[in-house]
Amino acid sequence: MAFFRTVGSNDNLPSIVGDRVMLRPPQSGDHAEWAALRELSRSFLTPWEPIWPEDDLTRGAFRRRLKRYAEEQRNDLAYPFLVFRRQDNALVGGLTLANIRRGVAQAGSIGYWIGAPFARHGYMSAAVRALVPYCFGPLRLHRVEAACLPDNGPSIGLLEKVGFKREGYARGYLCINGAWEDHLLYAQLADDQH
Ligand SMILES: CC(C)(COP(=O)(O)OP(=O)(O)OC[C@H]1O[C@@H](n2cnc3c(N)ncnc32)[C@H](O)[C@@H]1OP(=O)(O)O)[C@@H](O)C(=O)NCCC(=O)NCCS
């Protein structure tokens with residue numbers, strides 16, 4: 001695993017190298033590839049995500065998204081990454097550490113998506129395995145959480161494969177595809193690494 005500082009517009013943000021994948025913060029030049037992959041994957045992703053605003057894939061919405069990300073990063077609230085296949089730098093998905101709470105919690109939550117053509121190739125497990133040491137190392141978190149719908153078999157399989165433990169069940173936890181949905185709660189603790 002390696003953490004590098006990127007050069008260019010995201011000077012202080014890390015790139016993270018994992019097995020077959022590389023994670024780095026989104027940049028404005030990613031818009032076309034990101035929008036094409038999201039459009040291509042629309043029916044694969046939308047059942048599991050918050051409702052996409054109508055203009056979500058436009059360049060303007062992407063610019064606003066990057067602005068929001070930059071503010072969240074500056075305030076140590078969230079760190080969004082795009083996931084690229086190292087072999088050819090193809091964009092394969094996204095992985096975000098969000099909802100960071102410091103103080104006595106030192107916790108954050110991950111959310112992730114993979115483009116439909118790249119599903120079930122092990123890319124998201126590699127990406128999560130690369131991000132978790134960054135959370136417990138440079139970001140000094142104690143706890144990384146994840147939540148998923150009880151019928152999201154792929155997400156449950158992913159979390160259990162990479163070492164997250166199931167901790168509970170939260171009613172009406174997140175608004176997914178327009179409805180408040182119960183979620184399974186998972187977490188990995190810094191101590192679980194030893
Ligand atoms: C969940 C998701 C990110 C997994 O990404 P991925 O790159 O395909 O996952 P991986 O290839 O690393 O697979 C990891 C494990 O997840 C499980 N899994 C992944 N896809 C699966 C599928 N179609 N059916 C059953 N299990 C699956 C398996 O346990 C797999 O391990 P294995 O291949 O060794 O059996 C992807 O399916 C996705 O984006 N789904 C739609 C959006 C979504 O659900 N987001 C998460 C909301 S909580």
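**Figure 1. Strands β4 and β5 pair in the antiparallel sense over six bridges.** The model is predicted: local features require pLDDT of at least 70 and side-chain atom pairs count only at pLDDT 80 or more, while totals for chains, interfaces and linings use all residues. Residues are numbered from 1 along each chain as its sequence is written. Helices (H or I, at least four residues) and strands (E, at least two) are DSSP runs, numbered from the N terminus, and two strands pair if DSSP finds at least two bridges between them. Strand β4 comprises residues 79-85, and β5 comprises residues 91-101. Phe84 has Leu91 of β5 as its bridge partner. The two strands form a hairpin with five residues between them, and in the turn Asn89 has a positive phi of about 60°. Six of the seven residues of β4 are buried, a term applied where 20 or more other C-beta atoms, placed from the backbone, lie within 10 Å of the residue's own (exposed: 12 or fewer; partly exposed: in between).

**Figure 2. Strand β3 pairs with β4 and with β2.** Strand β3 (residues 21-24) is antiparallel to β4, and four bridges link the two. Met22 is matched with Phe84 in β4; Phe84 is also the bridge partner of Leu91 in β5. Strand β2 (residues 14-17) runs antiparallel to β3 and is joined to it by two bridges. Here Ile16 stands opposite Leu23. β2 and β3 form a hairpin with three residues between them, where Arg20 in the turn has a positive phi of about 70°.

**Figure 3. Helix α4 is mostly covered.** Of the 14 residues of α4, 11 are buried. Among them are Tyr123, Met124, Ala126, Ala127 and Val128, as well as Leu131, Tyr134 and Phe136. The helix reaches 21 Å from its first C-alpha to its last, close to the 20 Å expected at 1.5 Å a residue; the expected span is 1.5 Å times one less than the number of residues.

**Figure 4. Helix α3 spans residues 59-74.** Its end C-alpha atoms are 23 Å apart, which agrees with the 22 Å that its 16 residues should span at 1.5 Å a residue. Asp76, which follows α3, has a positive phi near 60°.

**Figure 5. A shell of 21 residues surrounds the ligand.** A residue is near a molecule or strand if its C-beta atom, placed from the backbone, lies within 6 Å of it. The closest residues are Trp48, Met124, Ser125, Pro154 and Gly157. Met124 is also one of the buried residues of α4. At least two residues of the shell come from each of α2 (42-45), β6 (107-114), α4 (123-136) and α5 (153-161). Helix α5 gives the most, with six residues. By class, the shell holds 12 nonpolar, seven polar and two charged residues. Ala, Val, Leu, Ile, Met, Phe, Trp, Tyr, Cys and Pro count as nonpolar, Asp, Glu, Lys and Arg as charged, and the others, Gly among them, as polar.

**Figure 6. The protein chain contains five helices and nine strands.** From the N terminus on, its elements run β-β-β-α-α-α-β-β-β-α-β-α-β-β. Its radius of gyration is 16 Å, close to the 16 Å that the globule rule gives for 194 residues, so the chain is as compact as a globular protein of that length. The radius is taken over C-alpha atoms, and the globule rule is 2.2 Å times the number of residues to the power 0.38. Along its principal axes the C-alpha trace spans about 40 × 35 × 30 Å.
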